[in-house]
Every structure is written in structure tokens, then in C-alpha cells.
Amino acid sequence: AGNVLEVRNLKMYYFTNRGVVRAVDDISFDLKKGEVLGLAGESGCGKSSLGFTLLGMPSPPGKIVGGSIKIDGREIVGLPESVLRKEIRWQKISMIFQGAMNALNPVYTIGYQMIEPLIYHKGMSKEEALDKAQKYLELVGLDPEIVNRYPHELSGGMKQRVVIATALLLEPDVVIADEPTTALDVVVQAQIINTMKKLKKELGLSMIFITHDLSILAEISDRVAIMYAGKIVEIGDSEKIYYEPAHPYTQKLLAAIPRLHEDVEKLEFIPGQPPNLINPPSGCRFHPRCPYATQQCKEQIPELKEVEKDHYAACWLL
Ligand code: SF4
Ligand code: MG
């Protein structure tokens with residue numbers, strides 16, 4: 001299958017009065033059609049910033065300062081906001097925002113909130129739009145009758161399913177899901193993951209799944225990208241990343257996951273703090289926390305290179 005998304009040398013910086021925060025700093029990757037790419041890393045590494053940037057809507061005071069984002073072959077960097085809104089966002093690429101289920105408007109019914117984009121973007125009549133909304137509610141495992149209900153009448157898991165259905169309504173080529181299960185309890189989390197796997201199979205969804213929880217990614221992703229301090233430091237098949245991680249940061253991140261039957265006391269934690277992105281460390285940004293750091297690591301930025309077929313890592317050791 002071809003690539004539905006191609007990102008090259010993408011840079012998005014926040015211009016704050018304390019300095020320039022390099023949240024997305026020279027990132028390149030592809031998303032294949034029908035593929036789920038997991039995007040993981042500690043909080044503050046730039047995962048959500050990358051998600052918003054791909055939608056062409058970095059949060060203020062963020063600006064795309066370089067690079068290219070092609071969705072189904074069409075360049076979206078540099079398009080005016082009016083075109084992004086009319087032709088790209090929700091139609092070509094949509095996002096399940098972190099915490100969106102708590103942002104549903106309490107004064108409108110679920111149906112009313114879902115049909116608005118269909119009427120605006122597709123020029124559908126109210127009846128057609130409601131029909132389609134109900135079809136998508138069924139697809140995510142909800143009773144279509146909930147179009148008549150209000151958000152406060154639904155559980156957290158149900159609201160999250162509404163948010164997922166809404167992100168899919170305009171049949172986008174790419175969906176970005178930002179921590180879609182984080183606020184939910186473990187049982188509901190597993191149900192939502194199963195629903196997303198089903199959607200992937202039935203709709204052939206191409207998705208970027210953002211989370212800080214690597215154990216979830218093993219469940220759902222075909223490939224995984226690991227972000228550290230605004231850069232992708234490793235990317236490859238999910239199994240490779242999970243069982244044979246090449247980058248020292250990925251190895252540390254995996255060692256910090258609690259596994260079943262393992263003594264919690266033995267969990268490793270990564271010493272040190274994620275770096276400040278106003279003045280990121282020189283050379284390899286992980287060097288202050290890396291047990292293998294050398295002089296070269298402090299001075300030169302490692303680029304992603306292929307360590308084996310379709311498996312890339314940015315580390316001078318490799
Ligand atoms: Fe560690 Fe050096 Fe590799 Fe960075 S480049 S992860 S500091 S060994
Ligand atoms: Mg985030």
C-alpha cells in the first residue's frame with residue numbers, strides 16, 4: 001500500500017516571551033494506507049504538538065517554521081487557514097483530541113453536535129446527516145438512539161465512543177488519536193482499544209495513535225515511533241520496537257513499563273528530567289540521561305539511520 005501521509009523535516013516552534021520552544025524539531029516519517037502508527041514518549045516530548053501540527057493548527061504561539069506535510073499527495077504546509085478549514089481538516093485528516101469527551105457541549109444533544117460538520121462540509125440535509133451519525137454510532141458500538149441524549153446522560157466510555165465516531169464521520173484519510181483511553185478505567189480502556197481495532201479492520205483506517213503508555217501500543221500499532229525532546233529517535237515495526245529496541249531511550253522507556261507478574265519494586269525509572277526545549281542539550285538530546293554517552297554524543301546530532309530493514313534509530317552507538 002502507498003503512503004497516505006508523508007512528513008519531511010517538519011519543524012514547529014512556540015515563540016514564547018521566554019524563548020523559542022522547539023517542540024517539533026526536524027521530524028520525518030510516513031504513514032501507510034491502513035496502518036496504525038503508534039507515537040510514544042514521555043509527557044512534554046512534543047507528541048501532541050506534532051498531532052496539532054499535522055492538522056495545520058499548532059496551538060498559539062506555535063508556528064510551522066519548515067518542512068512538508070503531504071496528505072494523499074497534497075502539500076498542506078502553507079495553505080491558508082480558510083482552505084485548511086474547508087478542504088483539509090476533518091475531511092482529509094481529523095483528530096480525537098485528548099480530553100475531548102469532557103468538551104462535549106452540555107446544552108446540545110449528541111445528534112446535534114455530530115451533524116454540524118456534515119451539514120457544513122457536505123451540504124447534507126439534517127435528516128441525511130442524522131442518518132449518517134447514527135450509522136457511525138452503531139459502528140463504534142453505541143445504540144443509535146443516543147442521538148437524542150445529552151452528554152451528562154452518558155458514561156465516560158460512551159462519550160469517548162461518540163468522540164471517535166465524530167472524528168470518523170467525514171471519512172478522513174488519516175485520523176490522529178491523542179491519548180484516547182487515558183482518562184478511562186482499565187476495563188473501559190480495553191473495550192475502546194478493541195473497538196478501534198475493529199474500526200481499523202472494517203474501515204481500513206490509517207491512524208496515528210499517541211500515548212505515553214507503551215503497553216497499549218503493543219496492542220494496536222503496526223509500527224511505533226518513539227519521540228524524545230521534539231525528535232523521533234526510533235521508528236520501526238511494533239514487535240521490533242517492543243522486543244528488540246535499538247535506542248537507549250526506548251530501552252529505558254520499555255524497562256519502565258510494569259509487566260504482568262513482575263515485581264513492581266524492580267521497575268526501572270529513567271533518571272533525570274526530560275529536557276527544556278528552549279535550550280535543548282547539544283548533540284544527542286538524550287545525552288545527559290544516557291548511560292552510554294560519549295564525547296561525540298555531546299557534540300554531534302545523530303540522524304535516524306536504518307539499523308535493519310525498516311527499522312531506524314538515531315544513536316551514535318549503532
Ligand atoms: Fe546515548 Fe549517545 Fe546514543 Fe544519544 S547518541 S542515545 S547519548 S549513546
Ligand atoms: Mg499530550
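User: Where is the place of Pro61?

Analyst: Pro61 sits in the loop between H1 and strand S4 (62–71). Helices (H or I, at least four residues) and strands (E, at least two) are DSSP runs, numbered from the N terminus. The model is predicted: local features need pLDDT of at least 70, side-chain atom pairs count only at pLDDT 80 or more, and totals for chains, interfaces and linings use all residues. Residues are numbered from 1 along each chain as its sequence is written, while chains are lettered from A and ligands numbered from 1 in the order in which they are written.

User: What kind of peptide bond joins Pro60 and Pro61?

Analyst: The bond is cis. Its omega is about 0 degrees.

User: What makes the protein chain as compact as a globular protein of that length?

Analyst: The radius of gyration is taken over C-alpha atoms, and the globule rule is 2.2 Å times the number of residues to the power 0.38. For 318 residues the rule gives 20 Å, and the chain's value is 20 Å, so the chain is as compact as a globular protein of that length. The chain comprises 10 helices and 12 strands. Its C-alpha atoms fill a box of roughly 65 × 50 × 40 Å along the principal axes.

User: Why is Leu10 called buried or exposed?

Analyst: A residue is buried if 20 or more other C-beta atoms lie within 10 Å of its own, exposed if 12 or fewer, and partly exposed in between, with C-beta atoms placed from the backbone. Leu10 has 21 within 10 Å, so Leu10 is buried. Leu10 belongs to strand S1 (residues 3–16). Of the 318 residues in the chain, 40% count as buried.

User: Which residues is Leu10 in contact with, leaving aside its neighbours within four places in sequence?

Analyst: Contact means that the C-beta atoms of two residues, placed from the backbone, lie within 7 Å. Leu10 has such contacts with Val24, Ile27, Thr53, Gly67 and Ile69. Leu10 and Ile69 are 59 residues apart in sequence, yet 7.5 Å apart in space, C-alpha to C-alpha.

User: How does Gly44 count, with 17 C-beta neighbours inside 10 Å?

Analyst: The 17 neighbours place Gly44 in the in-between class, so Gly44 counts as partly exposed. Gly44 lies in the loop between S3 and helix H1 (47–54).

User: What is the phi of Trp90, and is Trp90 buried or exposed?

Analyst: Phi is near 75 degrees, a positive value in a residue other than glycine. Trp90 has 21 other C-beta atoms within 10 Å, so Trp90 is buried. Glu171 also has a positive phi, near 55 degrees. With 14 C-beta neighbours inside 10 Å, Glu171 counts as partly exposed.

User: How do you know that the buried residues of H6 line one face of the helix?

Analyst: The buried residues are Ile192, Met196, Leu199 and Lys200. Seen down the axis, they fall within an arc of 100 degrees, so they line one face. The arc is that of the directions from the helix axis to the C-beta atoms. On the other side, Val186, Val187, Lys201 and Glu202 are exposed.

User: What span is expected for H6 at 1.5 Å a residue?

Analyst: The expected span is 1.5 Å times one less than the number of residues. H6 (residues 186–203) has 18 residues, and 26 Å is expected. From first C-alpha to last, H6 reaches 25 Å, close to that value.

User: How do the residues of the shell around ligand 1 divide?

Analyst: Ala, Val, Leu, Ile, Met, Phe, Trp, Tyr, Cys and Pro count as nonpolar, Asp, Glu, Lys and Arg as charged, and the others, Gly among them, as polar. The shell divides into 11 nonpolar, one polar and no charged. Among the residues around ligand 1 are Cys284, His287, Cys290 and Trp316. A residue is near a molecule if its C-beta atom, placed from the backbone, lies within 6 Å of it.
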